[in-house]
Amino acid sequence: MAAETRITAVLGPTNTGKTHYAIERMLAHRTGVIGLPLRLLAREVYDRIVAARGPSVAALVTGEERIVGARAQYWVCTVEAMPTDIGCDFLAVDEIQLCADPERGHVFTDRLLHSRGLKETLFLGADTMRSAIAALVPKVQFLRRERFSTLTYAGSKKISRMPTRSAIVGFSVENVYAIAELIRRQKGGAAVVMGALSPRTRNAQVAMYQNGEVDYLVATDAIGMGLNLDINHVGFSATAKFDGWRMRNLFPHELAQIAGRAGRHMAPGTFGVTGEAAPLAPEVVDSIENHRFSPIQRLNWRSSVLDFGTLDRLIASLEVSPKDEWLMRGREADDLRALKTLADLPVIRDRARHARDLRLLWDVCRIPDFQGISAQEHANLLQRIFGFLQDGHVPDDWLAAQIRRIDKTEGDIDTLSKRLAYIRTWTYVAQRSGWVQDETHWRDETRAVEDRLSDALHGALTQRFVDRRTSVLLRRLKQKEGLVAEVNDKGEVTVEGEFVGRLEGFRFHQDGSASPDEAKTLKQAAYEALRPEFHLRADRFYNAPDTEFDFTEQGGLMWGSSAVGKLVKGAEVMKPQVEAFVDEEAGFDVAEKVRRRLQHFIDRKIALHFEPLLNLSRDETLSGLARGFAFRLAEALGVLPREGVADEVKALDQDMRGSLRKHGVRFGQYTIFQPLLLKPAPTRLRLVLWSLNEGLDEFPESPPPGLVTVPNIPEVPKGYYTLSGYHPAGARAIRIDMLERLADILRTQDSRAGFEATPEMLSITGMTLEQFADLMAGLGYKGERGEREKVRSEPVARPAEEGTSANPITEEEAALQTVTEAEVFYTFTWAPKPRAPRGDRPQRGERREGKPGGERREGKPRGDRPKGARGNLGGKGKREDQGGRNFESRPPKKDRIDPDNPFAALMALKDKI
């Protein structure tokens with residue numbers, strides 16, 4: 001197998017397609033693993049593998065993320081997280097020149113010396129590594145790749161004169177933020193990319209730049225590591241940086257690595273300086289333009305053969321000096337520094353005596369200091385985690401508390417950045433096998449928190465450093481380019497990513513924040529996007545089940561929470577028509593499809609709720625007076641006050657009544673009705689249909705379901721109560737069916753001699769005795785109030801004997817005492833009050849019966865009534881269309897009382913109930 005292994009070093013400057021070549025070679029093998037220098041770059045390559053072969057065969061493994069497909073064949077990793085024991089056919093390490101990096105160089109050097117694929121191995125990087133690789137890797141082959149485009153020095157430019165599609169590079173967070181703020185004021189905004197950003201935040205920021213929402217990118221040197229962006233110019237705001245130990249000037253090859261991001265693929269690129277950065281020296285410019293740099297002489301190295309015999313021997317094995325002249329001991333890494341700090345603690349020496357404990361301790365020390373806290377604070381955290389792991393696992397409640405402190409998306413950029421750094425520690429812990437009890441849960445939990453913080457940070461960065469309207473909308477308007485508009489599944493319409501309004505049902509409501517000049521263009525672009533959406537939505541609407549639709553008490557037609565139409569008066573009371581709420585821009589076809597679907601809905605609703613009444617009206621066996629009476633009942637929507645049709649009822653013989661009773665018609669003492677039509681749903685629909693037929697501006701609303709009585713408000717026409725299934729009597733109105741039950745009982749009483757209210761009567765009405773007396777007065781009975789003695793017995797305690805204390809009285813010791821109290825009763829006799837003369841205002845309990853279906857009362861003509869004087873028996877919300885009817889939610893009842901409008905008191909009905 002060793003004879004078949006081929007090792008190739010693919011070297012060259014930036015923009016030579018080295019990473020792309022490595023991906024192609026890996027996919028040519030059955031299995032493979034590739035190590036990359038950054039988690040951001042690893043995610044980018046993983047996404048490309050998934051797009052090419054699918055997620056089931058791809059795996060992403062970094063210190064803080066682990067996504068392994070069911071049949072993982074291609075492993076994309078950070079160099080530190082590369083698996084070394086899976087035996088893949090192909091292996092590649094990108095940016096191999098990082099072997100010379102003071103912090104991480106020893107990891108890359110270890111991969112260079114020891115990591116091999118079974119069939120093919122690739123090392124990708126700068127040509128400065130040629131001599132070192134040739135000396136350290138036997139039988140290696142070299143493949144030189146040339147840059148696809150030219151790279152030219154453009155000198156110094158002010159930020160205000162920086163060309164579009166430029167990246168400005170800074171080497172501190174403060175510098176990056178200051179530059180981004182300046183660009184926002186002068187150019188409209190900039191995307192921000194830093195190594196400390198999560199992949200999710202970085203991708204969102206890069207997407208803004210790549211999509212053209214902003215024309216400028218402000219970044220740290222993180223963009224130099226293989227991130228492929230459409231950059232035409234790179235400007236250095238500084239040429240020196242703090243490397244963790246000291247401030248130093250960047251080497252020419254480091255400047256070239258960053259400058260090489262300009263001019264991707266075949267497009268030429270330029271680089272230069274800006275701000276306070278001094279112009280580059282001619283020899284540095286020549287080296288960058290011609291890709292000629294001094295070769296790397298020494299590689300950082302640390303022994304990978306560790307001695308876990310004792311703590312001191314482990315530290316000594318990590319500090320062994322290399323024997324090869326090409327290798328040198330690197331700077332003391334953070335993990336070794338943490339190990340030495342912990343080794344000075346007696347408690348750690350006591351607990352780390354065996355090889356297993358030492359391996360665990362070393363694994364814990366390799367947790368990176370993402371938080372950037374002091375060395376001692378980081379060591380204290382590692383000590384606690386080590387103690388947990390020796391006892392089994394990191395406790396769930398402790399870990400949950402740590403995460404809960406971080407899981408907050410409010411705050412400024414710095415606060416969110418710190419929280420994002422903190423969650424990376426717990427993401428790392430959750431990724432380690434066996435460190436937490438429920439690995440899947442904690443990996444998902446930490447990932448979810450990181451995603452939330454990443455989104456919040458992206459939003460904060462965008463809000464601070466991007467003026468979208470200035471950078472995108474106004475620029476496109478000036479250039480007279482077509483604006484790109486979109487509508488999401490929530491109905492939010494955006495133009496060039498900016499919210500411009502909402503699509504509610506089939507009507508577009510534009511956001512009012514744009515200026516008048518912008519609003520016209522925004523509306524035009526929005527409707528361009530909405531044309532296909534209108535048709536798609538109309539198709540979904542037409543095929544939606546009736547359960548998604550409803551009507552309001554004011555005749556509005558709703559699709560979910562969106563008003564999509566209203567009912568209008570039809571040729572017959574039970575045949576209303578539909579007016580659809582569809583913008584004219586949607587077109588006739590969409591409007592007609594919506595109208596037909598709403599018509600189907602309301603027709604089926606009427607057929608369902610008024611089935612007994614429809615069957616009655618269609619019964620061909622009815623003839624003569626019975627057929628005429630059925631027609632009267634249908635006109636009244638199933639509820640007729642008997643007083644208004646007394647003569648017609650008398651004219652019906654028993655056979656006729658029997659034929660009507662077959663359809664559920666009940667001839668009550670006060671009302672002729674069909675009991676099924678008194679249910680809440682038919683009652684609600686009956687009020688809407690009657691109001692439409694009467695042409696009311698405001699419809700009465702039905703009382704809440706389940707109430708036997710409701711307040712009888714004098715200003716409300718009696719016909720409204722009848723339509724709602726109630727009969728006014730006294731201070732309250734009683735439900736029609738319950739009133740008939742009460743009437744059946746009253747017929748058995750001697751109304752001339754007088755009778756008292758029985759518990760059954762009170763139970764039927766749900767009233768107190770005083771309320772019942774008022775109800776009976778409204779029904780034409782006279783109630784005489786009286787009082788009488790009521791005798792009952794109560795136990796009483798004996799007095800305590802002298803010299804003894806009072807004790808609770810036992811049942812045997814209790815003595816009975818007779819108690820007398822007054823009892824109120826009423827005696828009812830039939831005594832109907834005389835009718836009020838025509839034209840006089842009827843008093844409570846004496847109001848004239850309205851015609852079937854709620855004929856208006858005698859007296860003031862309808863046209864003379866104050867507007868809005870239509871009573872509402874319920875308190876539900878309403879919505880309004882452009883034609884005047886209000887379908888929107890009313891204000892709270894306490895705010896609706898208008899002393900100048902006597903009908904306004906009706907709005908407080910539910911509160912009274």
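**Close-up views of a predicted model**

**View 1. Strand 1 and its two parallel neighbours.** Strand 1 and strand 7 (residues 120–125) pair in the parallel sense, over six bridges. The model shown here and in the other views is predicted. In this pairing, Leu 11 stands opposite Gly 125 of strand 7. Strand 1 is also joined to strand 8 (residues 141–144). These two strands run parallel, with four bridges between them. Here Thr 8 faces Gln 141, its opposite residue in strand 8. Strand 1 spans residues 6–11, and five of its six residues are buried. The strand is therefore largely enclosed by the rest of the structure.

**View 2. Helix 14 at Asp 396 and Leu 399.** Helix 14 covers residues 396–406 and includes Asp 396. Leu 399 lies in helix 14 as well. Asp 396 has a relative accessibility of 31%, so it counts as partly exposed. Leu 399, in contrast, is buried, with a relative accessible area of 0%. Leu 399 and Trp 426 are 27 residues apart in sequence. In space, their C-alpha atoms are 7.9 Å apart.

**View 3. A negative surface patch.** Four residues form this patch: Asp 396, Asp 397, Asp 438 and Asp 444. One of them, Asp 396, belongs to helix 14. Membership of a patch requires over 30% relative accessible area and no salt bridge. Asp 396 stands at 31%.

**View 4. The salt bridge between Asp 89 and Arg 30.** Side chains of opposite charge can pair when their charged atoms come close. Across the whole structure, a search finds 58 salt bridges. One salt bridge joins Asp 89 to Arg 30, with 4.0 Å between the closest N and O atoms. Asp 89 sits in the loop between strand 5 (74–78) and strand 6 (90–93), and Arg 30 in the loop between helix 1 (18–27) and strand 2 (32–36), so the pair ties together parts 59 residues apart in sequence. The two partners differ in burial: Asp 89 is buried at 7% relative accessible area, while Arg 30 counts as exposed at 57%.

**View 5. The salt bridge between Arg 356 and Asp 357.** The side chains of these two residues meet in a salt bridge, 3.5 Å from N to O. Arg 356 counts as exposed, at 62% relative accessibility. Asp 357 is buried, with a relative accessible area of 6%.

**View 6. The salt bridge between Asp 546 and Arg 604.** The closest N and O atoms of this salt bridge are 2.9 Å apart. The pair links distant parts of the chain, 58 residues apart. Asp 546 is in the loop between helix 18 (516–543) and strand 23 (549–551). Arg 604 is in helix 19 (residues 588–609). Asp 546 is partly exposed, with a relative accessible area of 24%. Arg 604 is partly exposed too, with 43%.

**View 7. A network of salt bridges.** Salt bridges that share partners join these residues into one network. The arginines are Arg 39, Arg 43, Arg 200, Arg 424 and Arg 447. The acidic members are Asp 47, Glu 64, Glu 65, Glu 450, Asp 451 and Asp 455.

Technical notes. Residues numbered from 1 in each chain as written. Predicted model: local features only at pLDDT ≥ 70, side-chain atom pairs only at ≥ 80, totals over all residues. Heavy atoms only, no water. Buried < 20%, exposed > 50% of the residue type's maximum accessible area, 1.4 Å probe, protein only. Pairing = 2+ DSSP bridges. Patch = residues over 30% accessible without salt bridge, like charges linked within 9 Å, V, L, I, M, F, W, Y side chains within 5 Å. Areas by Shrake-Rupley, 256 points an atom, 1.4 Å probe, with all protein chains shown as cover. Lys, Arg positive; Asp, Glu negative; His and termini not counted. Charge placed at Lys NZ, Arg CZ, Asp CG, Glu CD.
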